[in-house]
Amino acid sequence: MAEAETQSEAGSGLKRLMDVLAASPGVEIAACAAALGDLPEAMPVRGPEIGLVMVRGRIGGDGAPFNLGEAAVTRATVRLAGGTVGHAYALGQDRAKARLCAVLAAMWSEGARRDDIEAQVLTPLAAARAEEVSRVKREAAATRVDFFTMVRGDD
Amino acid sequence: MYVAVKGGEAAIANAHKMLADRRRGDRSLPSITVEQLVEQLALAVDRVMAEASLYAPELAALAVKQARGDMIEAIFLLRAYRTTLPRFGASLPVETGDMVAERRVSATYKDLPGGQVLGPTFDYTHRLLDPALAGDETVAPAPARESEGEPLTRVSDILAQEDLIERAYSGDPAEMPQEPSGDLTREPMEFPMARDLRLQALARGDEGFLLALGYSTQRGYGRTHPFAGEIRIGEVEVEIDVPELGFAVSLGRIRVTECQMVNQFAGSAKLPPQFTRGYGLVFGQSERKAMAMALVDRSLRAGELGEDRVAPAQDEEFVISHADNVQATGFVEHLKLPHYVDFQAELDLVRRMRAEFEARQTRESDTQEAAE
């Protein structure tokens, strides 16, 4: 039970990393990863390969699922010398990004350099993504209509 | 006699070189880049993605460039490309309620939570050509102000509080299907068609065709008394379950446009009077398409809601069979391909019928003369 919990915590940490990496442009990830120094050698297990994911929506926004259309996705799986495997999935056709993300995911799972990855890669990229979302929200907020009521004269 | 003919290779090769030449145009001008198309003709790129049913902005932009701006040709190119790719799986349903919205407007409630957020709209512009845009003027960044962080409550949820609108799923929520009933890219179409499959077809359907059909319902051909309950445009997260990990990961965000139409409904023997819903969801920013889709979706529910099917927009087979512009252009444009043999046969037939017709006329006039 305790072991399963630890695993799921590691899993959720990995999910956090993979989510941020998927949302980030390849050049930004590469720039952050450069701060980690030499990356370990990684054997390709699968890919990087481009394929499709059928994106689903919900009928009425909150009902049963339907197939909205496909999206181009790139995925990669790598194995480090010690045997740890890392996966990456992201929208787009950037193979170099997918491979690098898989290596980072494998390093994260291996554990030894997790703090480095957190500090050099995850934290700055997460902050950049949060800033993007916040900017969109602030720009949208500037287009929100402030209704005011005209006072009717007494006549 | 049928004679096999070959030839035309040189003509075809040169035609394609001529196409490349005309596509490039005046060489003294810089070649347009895919990045420029993605950034500056974003809505054209969005339309190609929506109707090709493939979300891939750079590839859609490349298709627009290759097709010289011919949208249906670009859609065709992207559709053809998608057939070369393996399918990794299906995403979890995107949650449009959690959208990072650039725009959200409602025509039914002025003061709904989250407010009327206009976003990057053409509405309220004067539709006057702007000569300044012909140059390369510096454009100021979009204004910003602190967001109040109020969630954008769905209009359907507001109405649902009073039970005045149908639920998205009419049965027991615990029994709501977790998978679509089929996939049009995998199985041939069959009628009658489940609503989820219709929505898949409409989401990739031709904008012009759906616009015309939606318009026809407003003009009285199958009236549905619609209100634009809500339109929202923005980015939603796409997540996929990864079996090798045991949890869902995000693939990133895609831009979509959603429209909830709210339609009058007098009720039936089984159902109380309440508002019904038409739904539109489209890749990219395309309010017109999402609204038209929602009108047509509602219209195609005529049978389910016990309404008379009297208009084209209520005829499922008619609408769904003709909504796909790649299919439509294929069949219309195939007419220009060699039909020499078919036409020879028709020509022969018309000649024979013509000879018989003339022979009959001569006979009749002979008989008439003889009678006189």
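Q: Where in chain A is confidence lowest, and where highest?
A: Confidence in chain A is lowest in helix 1 of chain A, at a mean pLDDT of 74, and highest in strand 2 of chain A, at 97. pLDDT is the predictor's confidence in each residue, from 0 to 100. Helices (H or I, at least four residues) and strands (E, at least two) are DSSP runs, numbered from the N terminus.

Q: What sort of model is it, and how are things numbered?
A: This is a predicted model: local features need pLDDT of at least 70, side-chain atom pairs count only at pLDDT 80 or more, and totals for chains, interfaces and linings use all residues. Residues are numbered from 1 along each chain as its sequence is written, while chains are lettered from A and ligands numbered from 1 in the order in which they are written.

Q: What does chain A average?
A: A pLDDT of 90, with 90% of the residues scoring at least 70.

Q: Which residues of chain A stay under 50?
A: Residues 1–6 of chain A. The model has zero contacts for them beyond four places in sequence. A contact means C-beta atoms, placed from the backbone, within 7 Å. Where pLDDT is low, the predicted coordinates should not be read in detail.

Q: New topic. How many residues does each chain put into the contact?
A: Chain A puts in 49 residues and chain B 69.

Q: Which strand of chain A gives the most?
A: Strand 2 of chain A, with ten residues on the side that touches chain B. That side divides into 26 nonpolar, eleven polar and twelve charged residues. Ala, Val, Leu, Ile, Met, Phe, Trp, Tyr, Cys and Pro count as nonpolar, Asp, Glu, Lys and Arg as charged, and the others, Gly among them, as polar.

Q: How do strand 1 of chain A and strand 2 of chain B pair?
A: In the parallel sense, over four bridges. Strands pair if DSSP finds at least two bridges between them. A:Val53 stands opposite B:Gly89 there.

Q: What about the open sheet in chain B?
A: Four strands, order 3-4-5-6, antiparallel pairing. Strand 3 (100–105) and strand 6 (276–283) of chain B are the edges, each pairing on one side only.

Q: Which residue is the bridge partner of B:Val100?
A: B:Glu235, in strand 4 of chain B. Strands 3 and 4 of chain B pair over five bridges.

Q: Last one: how many of the 32 residues in helix 12 of chain B are buried?
A: Zero. Buried means 20 or more other C-beta atoms within 10 Å of a residue's own, exposed 12 or fewer, partly exposed in between, with C-beta atoms placed from the backbone.

Definitions and conventions. Contact = placed C-beta atoms within 7 Å.
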